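Visitor: Could you take me through this one? I would like to begin with how the chains meet.

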Amino acid sequence: MTAKVLIRSAGFSYGNKVVWRDINLRVKQGETICLLGPNGCGKTTLLNCIHGDLTPQSGEIQIDGRDVQKMTIIERARNMGYVFQEHSAPFPYSSLEVVRMGRSPHLGIFQVPSEQDTELAGDIMEEMGIGHLADKRYTMLSGGERQLVLIARTLCQEPEMILFDEPTSHLDFKNQTLILRTISRLAGRGLTIIMTSHFPNHAWLLSSRVAMMGQNGIIAEGPAERVMTEENLSETYGLRVKVFQVVDGDTTINFCTPEA
Amino acid sequence: MRTTANRLQTTLPNKQKSLDIQTETERLSWRKVALLAGLPLLFLFISLFLGRLFIDPLTVLKILAHKLLFIPIDKTWTDTMETVVMRVRLPRAIMAGAAGAGLSISGAAFQGMFHNPLVSPFILGVSAGAGFGAALAIVMDGSMFMIQVLAFVFGIVAVAITYFTSRIYKTTPILMLVLAGIVVSALFQSLLSLLKYTADTEDKLPAIVFWLMGSMGGVRPEDLPFALVLITVGVIGLLLVRWRFNVLSMGDQEARSLGINTELLKGMVIVCTTIISSVVVAFCGIIGWVGLVIPHLCRMLVGPDHRVLMPTTLCVGAAYLIFIDNIARIISPAEVPLGILTALVGAPFFMYLLRKTKGGWG
């Protein structure tokens, strides 16, 4: 079976500055993978390369066995949704309109969304429990609500895979959990998910595969339980990290924290 | 992926409610557009009987019916009246309406594309280029035709320079476009200053200065077909992609992730707006503030959704410029240049808008 995403000895640099080199990664259909690493290690760059917005100088990236660079913008948008970290909303569109924008890869250049498109957008919002936001101005929403609206928009694209860039940054504790649960529900539906995160604990919460990035590329990769060791975490972040395990009834909770 | 959609179809109770609210808002907006569409026609008609020579509305109607619909009516009016209505006021009002509509929709398009409230259709240098072209023609003793041609051509040349300067790695980032536009504008403005400095102060310099201030006074009936066809082409182009402005306004990278070929779309928008504004500038001179203020006003009326906003700017912009042009020719025997009035009215109004929306988007 061809992999959903296949990265073969990819290297990227901005001018003379090497961001990472020789990255190899294989993501299967339906898998959730979390990219962890310190600031500036190139997580977002890698995400943008997978999305096809940036081109690695060496190696290649394939989506469903096809070179992502050879896919058209529309093909990519039908295949992948992308929830960005940096995001500005200039106009006070209704939230429903923002979600409806997800239909654009399915519409011709001169087309406007049909009633079916609007219905689909509304259905998706209901399904996600944000139907009450439909008529609210997007610019007036809280950070957590916005993030949910943006996730609804990517679902409106009907993609097979969603890329998340720091989906929980700027969110409070409750909203972080809400977003992570939403992502995990999407994963349960068979969507392939690739996300970057500043918080190592998120990888455990999503029980995902982890790719840990250091200064030059991926230093460890595999299931969270196996990869998220004190040694690996300490090496990635350049800081002594301790991993704890707590048993709460039937569930085992893992978490890490800097050594005191 | 079908399965996602299918699973999402199994949905829950109060979905209908939120959707109904939305469609209701949209329906209301469209009703407003329908109402606003009557406005330019009303103003157009009013401008036919107002003026130094007052012609009563009934006579105007008779003249129109006689000349445009070829209805045989007893001629109760003088030849002068007929000439004033058919050869002076009508073409002039039509041109003012077309210019107002064109500049306003171009402004709305650029504000959406640049996601910036301070953007006007002239941001890429079209007015500076056209101003230089017109001045060049005037200095060279060119005819009216020559002035129009050079203004049109240099307007397009200026935008082309801006566009190709800002192109890096096969993309045209918004910031690069704005900066290149400022540089190109400055370049053509200094060339224009050079022309003014060297121009004969008896007749050439005043001609340049008056041309730059904008006027509908020079519009002849023969100019209309060419101007109207080009403006209509540009306007239709912008209307066709009106929904895409919503997506484009979220930023280039995001729009691309939603399947929009941003370079193609931006290129097309720039071509359409440049055709419109260089035609307008070539025939009417530089009329500022319309393309900046009207989109804001329309956003207050019908909201930010470009599907509704773009047609609205056409109606309001046309009505506004016909109205201002009427003032320009009525308040004093020596006509007041249009650019002065649009700025005099536009600037305070923009101030009011800024205060009211607190720098937001209405």
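Visitor: How many residues does each chain put into the contact?
Guide: In this predicted model, chain A contributes 52 residues and chain B 46 residues, where contact means heavy atoms within 4.5 Å.

Visitor: And how much area do the two chains bury between them?
Guide: Chain A and chain B bury about 4,500 Å² between them, and 61% of it is on carbon and sulfur atoms. Buried area here is the accessible area (1.4 Å probe) that two parts lose on being put together, summed over both. On the side of chain A, Ile73(A), Phe91(A) and Glu126(A) supply 14% of the area buried against chain B, more than any other three residues.

Visitor: What ground rules apply to these values?
Guide: Residues are numbered from 1 along each chain as its sequence is written, and chains are lettered from A and ligands numbered from 1 in the order in which they are written. Because this is a predicted model, local features need pLDDT of at least 70 and side-chain atom pairs count only at pLDDT 80 or more, while totals for chains, interfaces and linings use all residues; side-chain values use heavy atoms, with hydrogens and water left out.

Visitor: Back to the interface: how many salt bridges cross it?
Guide: The rule finds 3 salt bridges across the interface of chain A and chain B, a salt bridge being a side-chain nitrogen of Lys or Arg within 4 Å of a carboxyl oxygen of Asp or Glu. Asp53(A) and Arg256(B) form a salt bridge through their side chains, at 3.1 Å from N to O. There is also a network of salt bridges that links Glu97(A), Arg100(A), Asp305(B) and Arg307(B).

Visitor: Which elements of chain A give two or more residues to the side that touches chain B?
Guide: Among them are α1 (43-51), α2 (73-79) and β6 (80-83) of chain A. Helices (H or I, at least four residues) and strands (E, at least two) are DSSP runs, numbered from the N terminus. The most comes from α4(A), with 8 residues.

Visitor: Changing topic, what does chain A look like as a whole?
Guide: Its secondary structure comes to 9 helices and 12 strands. The radius of gyration of chain A, taken over C-alpha atoms, is 19 Å, close to the 18 Å that the globule rule (2.2 Å times the number of residues to the power 0.38) gives for 260 residues, so chain A is as compact as a globular protein of that length. Its C-alpha atoms fill a box of roughly 55 × 45 × 35 Å along the principal axes.

Visitor: What share of its residues is buried?
Guide: Of the 260 residues of chain A, 57% count as buried. Buried means under 20% relative accessible area, exposed over 50%, and partly exposed in between (1.4 Å probe, protein chains only).

Visitor: Which salt bridges does Arg103(A) form inside chain A?
Guide: One is with Asp117(A), the closest N and O atoms being 2.9 Å apart. Asp117(A) lies in helix α4 of chain A and Arg103(A) in the loop between α3 and α4, so the pair ties together parts that are 14 residues apart in sequence. Arg103(A) also meets Glu158(A) in a salt bridge, at 3.2 Å from N to O. That pair links distant parts of the chain, 55 residues apart, with Glu158(A) in the loop between α5 and β7 (161-165).

Visitor: Are Arg103(A) and Glu158(A) buried or exposed?
Guide: Both Arg103(A) and Glu158(A) are buried.
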